[in-house]
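Good morning, everyone. I will go through one structure today, a few residues at a time. Please have a look at it before I start.

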Amino acid sequence: MKKTIVFMSIGLAGLTLKADGSQGEKTRAEPLPAPSFTITLGGRDACVIPHTWNRARADGGTIDVQTPSPSTLTVAMTGTPAADSFLGCTSTATQTFQLVQEFEIACSDPSITRVILTLDSTLVGYVRSMRNAGAYVRLASASVSPASFTGPPLALDHPPLCASGTEGRLCNQHLPPVQGPPMPLGRYTLVANFVLDTIATGVCNAHAAADFSPDTSLPADWVRVRDPFQGASKKSFGFTLTVSAGPASGSPSSAAVPHPAAVRRTIFVPDMPDTAHPVGSNPKNGKRFAE
């Protein structure tokens, strides 16, 4: 009887160890972090070319390239050309923006070799004119292409904008984002072009302005009392581009993936004779129980 009690105690102790071990060592499969992409800026060729004739001006004229987050590249082109008539002579002002920006895309997961790029853009500002004059957005376009093959897989082009005579137009264009096919990691080139143009002619009081800059303001003698859009918020003025990198479909994401540490632990139950069968014990000697 005493023998039976001893074996029963050993069996219960083994089960207790198993239960305690399973509670103490129980691990949960946690998801691995999603792969992250990094855009690193490379060489750049950026220029703003102003051209004025007679009574005209080209203010501002900036190209700003930033990486606000590791996987995002932004470009802002801003400027304000304006022309005013001068004793019957024609006045013109033009600003031409050109950017060629190289960049490289890498991924934190070495098993990932492809990336999806998205190109987004906005064009915000106004064109206005008075009498025999005109203001135009001649060109606002961009393309992104990898260095490994020719032809831009991502490209967008805003429609031209103009105001002539006594006319004004406030522009707030946001084209649908362009998303490319899966492309290889590595080097890419962003090409962007932006052209603003104004002209004014006549004896007097003809003028035009194309304002796409949040920072510039025309002198008081260049602004007429009835000019439209005076006092308009210029916070978002300019031609802006955003390139963002993301995972291609089928790439590992934040879905739950078992971590190598999340393995099953086995508990060894001591040998017990067939005469004692506590609940949960194994009558076969040396049997391992898997959690």
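In which strand is Asp45 found? Asp45 is in strand E1, which covers residues 37-53. Before I go further, please note that this is a predicted model.

Staying with Asp45, what does this residue contact once neighbours within four places in sequence are left aside? The contacts are Gln98, Leu99 and Val100. There is also a distance to look at here. Asp45 and Val191 are 146 residues apart along the chain, and their C-alpha atoms are separated by 9.6 Å.

Now the chain as a whole. It has 291 residues, and 38% of them are buried. The secondary structure consists of 1 helix and 16 strands. The accessible surface comes to about 15700 Å², and carbon and sulfur atoms account for 56% of that. On contacts, take those between residues at least 6 apart in sequence: 80% of them join residues at least 24 apart.

Next, the interior. The largest nonpolar core contains 45 residues. Which of them touch the most other members? They are Phe103, Ile105, Leu117, Val144, Phe194 and Phe212. Let me take Ile105 from that list. Not counting neighbours within four places in sequence, Ile105 has contacts that include Phe37, Thr38 and Ile39. Its other partners include Val115, Leu117, Leu185 and Tyr188.

On to the aromatic rings. A pair of rings is described by how far apart the centres are and by the angle of the planes. How many aromatic pairs does a search of the whole structure find? It finds 6. One of these pairs is Phe103 with Tyr188, and it is stacked, at 5.8 Å centre to centre with 15 degrees between the planes. This pair links distant parts of the chain, since Phe103 is in strand E4 (residues 91-107) and Tyr188 is in strand E12 (residues 186-200), 85 residues apart. Are these two residues buried or exposed? Phe103 has 2% relative accessibility, so it counts as buried. Tyr188 is buried as well, because its relative accessible area is 1%.

A second pair is Phe194 with Phe239. This one is tilted, with 5.2 Å centre to centre and 45 degrees between the planes. Phe194 lies in strand E12 and Phe239 in strand E14 (residues 238-247), so the pair ties together parts 45 residues apart in sequence. Phe194 counts as buried because its relative accessibility is 0%. Phe239 has a relative accessible area of 0%, so this residue is buried too. Ring pairs also link Phe97, Phe194, Phe212 and Phe239 into a cluster.

Rings can have a charged partner over the face. Arg57 lies over the face of Trp222, at 5.6 Å from the ring centre. Arg138 lies over the face of Tyr136, at 4.1 Å from the ring centre.

The last residue on my list is Thr67, in strand E2 (residues 56-69). Why does Thr67 count as partly exposed? Its relative accessibility is 36%, and partly exposed is the class between under 20%, which is buried, and over 50%, which is exposed. Leaving out residues up to four places away in sequence, Thr67 touches Ile39, Leu41 and Thr72. The C-alpha atoms of Thr67 and Thr40 are separated by 8.2 Å, and these residues are 27 apart along the chain.

That is the end of my list. Thank you.

Terms used: Residues numbered from 1 in each chain as written. Predicted model: local features only at pLDDT ≥ 70, side-chain atom pairs only at ≥ 80, totals over all residues. Heavy atoms only, no water. Helix = DSSP H or I, 4+ residues; strand = E, 2+ residues; numbered from the N terminus. Contact = heavy atoms within 4.5 Å. Core = buried A, V, L, I, M, F, W, Y, C linked by side-chain atoms within 4.5 Å. Buried < 20%, exposed > 50% of the residue type's maximum accessible area, 1.4 Å probe, protein only. Areas by Shrake-Rupley, 256 points an atom, 1.4 Å probe, with all protein chains shown as cover. Phe/Tyr/Trp six-rings, centres within 6.5 Å; stacked < 30°, edge-to-face > 60°. Lys NZ or Arg CZ within 6 Å of the ring centre and 35° of its normal.
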